[in-house]
Every structure is written in C-alpha cells, then in structure tokens.
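User: I'm new to reading protein structures and would like a close look at one single part. Could you take me through it step by step?

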Amino acid sequence: MPNIVLFSGSSHHDLSQRVADRLGLELGKVVTKKFSNQETSVEIGESVRGEDVYIIQSGCGEINDNLMELLIMINACKIASSSRVTAVIPCFPYARQDKKDKKGSVERWSRAPISAKLVANMLSVAGADHIITMDLHASQIQGFFDIPVDNLYAEPAVLQWIKENIPEWRNCIIVSPDAGGAKRVTSIADRLNVEFALIHKERKRANEVDRMVLVGDVKDRVAILVDDMADTCGTICHAADKLMSAGATKVYAILTHGIFSGPALSRINNASFEAVVVTNTIPQEEKMKHCPKIQFIDISMILAEAIRRTHNGESVSYLFSHVPL
C-alpha cells in the first residue's frame with residue numbers, strides 16, 4: 001500500500017499494532033510526552049509530505065489527554081503537508097453528550113452543553129479530513145461534522161461470536177437493556193432469525209436505574225443482552241437479574257465499548273452472567289485479569305479493511321456500515 005502512513009496514539013497501542021499487522025504496515029514513528037507542566041508534546045518522526053495519514057486513537061483511559069494528543073497529531077501531520085489525515089477513533093469520546101439532557105429543571109436543561117458537537121468541531125479545526133469510528137452512541141453525531149464520517153458496526157463480528165460460542169443460539173432471544181437500543185437488537189434478531197425483547201428503564205439520576213420493566217418472553221431461553229457500551233454496568237447487571245427472574249436459562253452480555261469504570265468489575269463478578277463479551281475498541285487486558293467473565297472480540301480486521309478501502313477510494317459503508325432496520 002504505497003503513500004500511506006499509520007500512526008498510533010498512546011490510548012490503545014495494541015489495537016493499532018493489530019491493525020498495522022493486518023495491513024502489512026509498520027507503525028509510523030511518533031514520540032508523545034508531557035512537559036513538567038503537563039502540556040502534551042508530539043513529535044512526528046518521519047516525513048508525511050504527500051502521504052495518506054491514518055491516526056488511531058480511541059476515546060478511553062485519560063480521555064481528555066488522549067483527545068488533546070489526537071488533535072495535536074492531526075495538526076502536526078496537516079501542517080507537514082500530508083495529502084489527507086484520517087482520524088480512526090474506535091470509541092468516540094463524549095458520545096453520550098449528544099443532546100441537551102431533559103432531566104432536571106428547564107433552566108438546567110437550557111444550559112446543558114452538547115459536547116459531542118464540540119469534539120467534532122475540534123477535530124475539524126485541527127485538520128482532520130475524514131473520521132472512521134465504530135458504533136456511535138447516537139448516529140446523529142455523524143451530522144455534527146462537515147467532513148466524511150464512516151460509522152462502522154461491530155454487528156458482523158457479534159453475529160459470528162454468537163454462532164461460534166453459544167451452542168443454543170437457535171433458542172436464544174436478543175434483549176435490549178433500554179428502549180433506545182431496540183433497532184440494534186431487532187437487526188441482530190432478524191439476522192439470526194430469533195425473537196427479541198427489550199427492557200424499559202427509568203433513571204433517578206445518571207448511572208442509577210430506578211425501575212425496569214421487561215417487554216417480551218424469555219422463559220426457558222438463552223438471553224443475550226446487546227448494547228453499544230457499558231460504563232458502571234448498573235443497567236446490564238440489573239437487566240441480567242431481571243431476565244433470570246423471568247425464567248431465562250442463561251444470560252450473556254455483548255457490548256461494543258466496555259468502559260467498565262467505578263464498581264463495574266465487582267458488579268459483573270457478582271452478576272449472573274455466563275460471559276460479558278466486548279470488542280477491543282478499549283483495552284481490556286487488565287480488566288480481564290480481575291474479571292474472568294469478560295471476553296473480547298478483536299475488531300482490528302474491520303478497522304484494517306476500512307482503512308484499506310478508504311485509501312483505495314472504495315466504499316466502506318457497503319461492507320461494514322450495516323444500518324439497523
């Protein structure tokens with residue numbers, strides 16, 4: 001693949017290396033460090049003049065530092081005369097802040113920021129020409145950009161994992177832990193030719209679920225919870241308990257972005273899951289050591305193929321951006 005340079009930020013070097021290996025490329029030389037006052041410094045260690053540059057940086061770990069590092073890397077490549085700069089962001093930062101929150105008083109609602117739009121503006125101003133991301137929390141975030149955005153879906157990898165690792169998958173039911181994920185689970189259920197259910201949840205405040213109502217019949221079936229992300233895991237753990245009490249024989253959870261902050265790992269360990277399966281858009285090695293129920297699906301092949309097709313001017317959406325029905 002001539003005229004292409006692949007750089008890795010510091011958020012997820014393992015995923016970047018997997019993508020580079022699948023493309024048959026070496027990762028470009030870049031040095032990132034911090035000054036004593038905690039400012040971020042980036043040094044691009046090779047020429048990018050006239051090159052098609054791809055920078056892989058996920059929105060995880062020290063999110064604000066990693067976002068700033070990505071912006072500086074994009075700008076450094078842009079002013080070094082690269083022909084195009086594509087930001088590959090497997091987990092898009094601030095994606096949950098995509099609208100004004102209606103919770104609280106009208107006055108508080110009117111003052112709420114739309115931070116995902118701010119991040120989109122920052123990436124564009126830094127010099128990004130193209131964005132590749134995966135399973136955006138809200139698909140309308142694509143409309144926050146004035147540059148092309150490819151929102152890839154982990155669905156093909158999820159379907160493959162279900163068929164290869166759940167022997168009773170033909171007797172399963174796909175469950176959404178909230179009403180917002182209904183399109184996602186109906187798409188997967190249609191492809192597996194199984195039924196779906198959903199759980200309606202009411203929150204008292206952020207990260208706290210007040211009440212859950214199951215809509216659908218899970219009795220004597222394997223229940224597979226599917227969601228785009230899990231943070232403190234309160235929702236999916238309550239959902240697992242709800243499904244088991246409703247008669248499900250086993251409960252699995254499949255998530256694209258496993259954030260797992262705060263009490264998440266202890267909650268998963270104490271919950272009735274057979275397994276909690278996540279993709280490696282976020283590093284999971286350390287978390288898997290403390291929680292044996294966590295397994296991961298490698299999505300480096302999807303990202304590598306998207307980069308290859310983008311570089312060759314081919315359609316990315318045709319292969320991977322399956323739009324839920």
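User: Is Q284 buried or exposed, and what is its relative accessibility?

Analyst: Happy to help! A note before we start: this is a predicted model, where local features need pLDDT of at least 70 and side-chain atom pairs count only at pLDDT 80 or more, while totals for chains, interfaces and linings use all residues. Residues are numbered from 1 along each chain as its sequence is written, and side-chain values use heavy atoms, with hydrogens and water left out.

Now to your residue. Q284 counts as buried because its relative accessibility is 2%; buried means under 20% relative accessible area, exposed over 50%, and partly exposed in between, with a 1.4 Å probe and protein chains only.

Where does Q284 sit in the chain? Look in the loop between strand 13 (275-279) and helix 9 (285-290). Helices (H or I, at least four residues) and strands (E, at least two) are DSSP runs, numbered from the N terminus.

Next come the surroundings. Setting aside neighbours within four places in sequence, Q284 is in contact with G258, F260, V278 and T279, where contact means heavy atoms within 4.5 Å. With G258 there is also a closer detail to find: a polar atom of the Q284 side chain lies 2.9 Å from the backbone oxygen of G258.

Strand 13 turns up again elsewhere. In helix 5 (residues 155-165), the buried residues are E155, A157, V158, L159, W161 and I162. Strand 13 is among the elements that cover them, as are strand 12 (250-258) and helix 10 (300-311).

How values were computed: Polar contact = N/O pair within 3.5 Å; in protein donor to acceptor, adjacent residues only side chain to side chain.
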